[in-house]
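Biologist: Let's walk through this one together, a question at a time. Could you bring it up on the screen?

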Amino acid sequence: NCGQLRIEDDYYTVLAYLDDLKDQAILDIGCGDGNYCRLFKAKGAKKVMGVDVSPHMIKFAEEIEIANPLGCEYKVVDAETEQKAVGQFDIAVTAFVLVYADTAQRLSKFCNFIYKNLKPGGTSINLIRNCFSTKFWGNSLEKYGRKFTMLDKTEDGGFGCTVHLPLTDNEEFTVTNYVLRPSTYEKCFLDAGFSTFQFKPCQTEMNKKSEEYWKEVNENPHQIVIIATK
Ligand SMILES: C[S@@+](CC[C@H](N)C(=O)[O-])C[C@H]1O[C@@H](n2cnc3c(N)ncnc32)[C@H](O)[C@@H]1O
């Protein structure tokens, strides 16, 4: 259930904001086990690199690449502290990575890393938790395998939240996400040097499921996209 929401909501949203990937070099920052990297390669991207702070996740991604070679490259990199670029890319994606920044200072470090790795005119696409509404709090998205409980306020007046993801009927996996104020995201991206900054709504795969199925997630969106150009 939880995985299905990722495919039809997270992945769908990111792909909806990407044009033809042919001839594009894409950097996936905080790539985890490389799901997005493989998706970008499957969509025809010329070059795909995934970086993640976790050696365990990179090893996992590399093992999948060895078992089924697609040409994705992976590296262990801490996007918050790395001073050097790993390359020059047309597109840099972060999917639920900026959610680890609980302060503007930490967010700025991520923004600087994204900026550094883009070619002039390059695009940064970022999936974060919805910073405009708290309607997704509580059990409103439980039908899709998502539950959110509120934590403390962040220093900029945003908030932290615990995301509950079911593993089995009795077990769940929880992760802490931070949601800063919309103006904090805008300021950090523009301060990093980006020339444009926009929030865009999340999208849902309407072809496979009915409008009725997506009613709750469309009414209480839990995620939002930031698109910024260098
Ligand atoms: C929620 S997972 C998302 C993984 C992947 N983007 C996806 O959507 O499938 C967040 C990932 O960001 C990575 N991450 C967190 N902080 C990071 C940092 N400072 N630099 C690089 N990766 C980081 C974590 O190790 C984790 O794999």
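Biologist: Okay, let me start with Phe159: what is the bridge partner of Phe159 in β8?

Modeller: Quick heads-up, this is a predicted model. Now, β7 and β8 pair in the antiparallel sense, over eight bridges, and they form a hairpin with five residues between them. Look along β8, residues 172–179, for the residue bridged to Phe159, and you land on Val179.

Biologist: Is Val179 buried or exposed?

Modeller: Let's look at who surrounds it. Setting aside residues up to four places away in sequence, Val179 touches Arg129, Cys131, Gly158, Phe159 and Cys161. A residue needs 20 or more other C-beta atoms within 10 Å to make the cut. Val179 has 25 of them, so Val179 is buried.

Biologist: And β6, how does it run relative to β7?

Modeller: Five bridges join β6 (residues 147–153) to β7 (residues 159–166). One of the pairs is Lys147 with His164 in β7. The hairpin of β6 and β7 has five residues between the strands, and Gly157 takes a positive phi near 95 degrees there. As for direction, β6 and β7 run antiparallel.

Biologist: Now the open sheet: which strands stand at its edges?

Modeller: Seven strands form that sheet, in the order β3-β2-β1-β4-β5-β10-β9, and the pairing is mixed. An edge strand has a single partner, so one side of it is left without a neighbour in the sheet. From one strand to the next, the twist averages 20 degrees. The strands at the edges are β3 (72–76) and β9 (196–201).

Biologist: Which residue in β5 is the bridge partner of Ala92?

Modeller: Ala92 falls in β4, which covers residues 89–95. Six bridges join β4 to β5 (residues 118–129), and the two run parallel. Among the pairs, Ala92 is matched in β5 with Ser124.

Biologist: How many bridges join β5 to β10?

Modeller: This time the two strands run antiparallel. One pair to find on your screen is Asn126 with Ile226 in β10. Counting the bridges between β5 and β10 gives seven.

Biologist: Which residue in β10 stands opposite Thr196?

Modeller: Here we're pairing β9 with β10, which run antiparallel and are joined by six bridges. Across from Thr196, in β10, you'll find Thr229.

Biologist: What about helices: at what angle does α5 run to β9?

Modeller: For a bit of context, start with α3 (residues 55–67), which lies across β2 and β3 and runs at about 160 degrees to β3. Helix α5 (residues 182–192) lies across β9 and β10. Its angle to β9 is about 145 degrees.

Biologist: Which elements do the buried residues of α4 pack against?

Modeller: Helix α4 (residues 104–116) has 13 residues and reaches 18 Å from its first C-alpha to its last, close to the 18 Å expected. Its buried residues are Ala104, Leu107, Phe110, Cys111, Phe113 and Ile114. Those residues pack against β1, β4, β5 and α5.

Biologist: I heard about some odd backbone angles. What is the phi of Phe96?

Modeller: Most residues other than glycine have a negative phi. Asp23 has a positive one, near 70 degrees, and sits in the loop between α1 and β1. Phe96, in the loop between β4 and α4, also has a positive value, near 55 degrees.

Biologist: Does Asp23 count as buried or exposed?

Modeller: Use the neighbour count again: 12 or fewer C-beta atoms within 10 Å is the mark for exposed. For contrast, Phe96 has 18 and so counts as partly exposed. Asp23 has 10, so Asp23 counts as exposed.

Biologist: Last one: which residues come nearest to the ligand?

Modeller: There are 16 residues around the ligand. By class, that shell has nine nonpolar, four polar and three charged residues. The ones that come nearest are Gly30, Gly32, Val53, Ala79 and Ala95.

Definitions and conventions:
Residues are numbered from 1 along each chain as its sequence is written. This is a predicted model: local features need pLDDT of at least 70, side-chain atom pairs count only at pLDDT 80 or more; totals for chains, interfaces and linings use all residues. A residue is near a molecule or strand if its C-beta atom, placed from the backbone, lies within 6 Å of it. Ala, Val, Leu, Ile, Met, Phe, Trp, Tyr, Cys and Pro count as nonpolar, Asp, Glu, Lys and Arg as charged, and the others, Gly among them, as polar. Two strands pair if DSSP finds at least two bridges between them. Helices (H or I, at least four residues) and strands (E, at least two) are DSSP runs, numbered from the N terminus. Axes are lines fitted to C-alpha atoms, for helices over the stretch in contact, and angles run from 0 to 180 degrees between N-to-C directions. Two residues are in contact if their C-beta atoms, placed from the backbone, lie within 7 Å. The expected span of a helix is 1.5 Å times one less than its number of residues.
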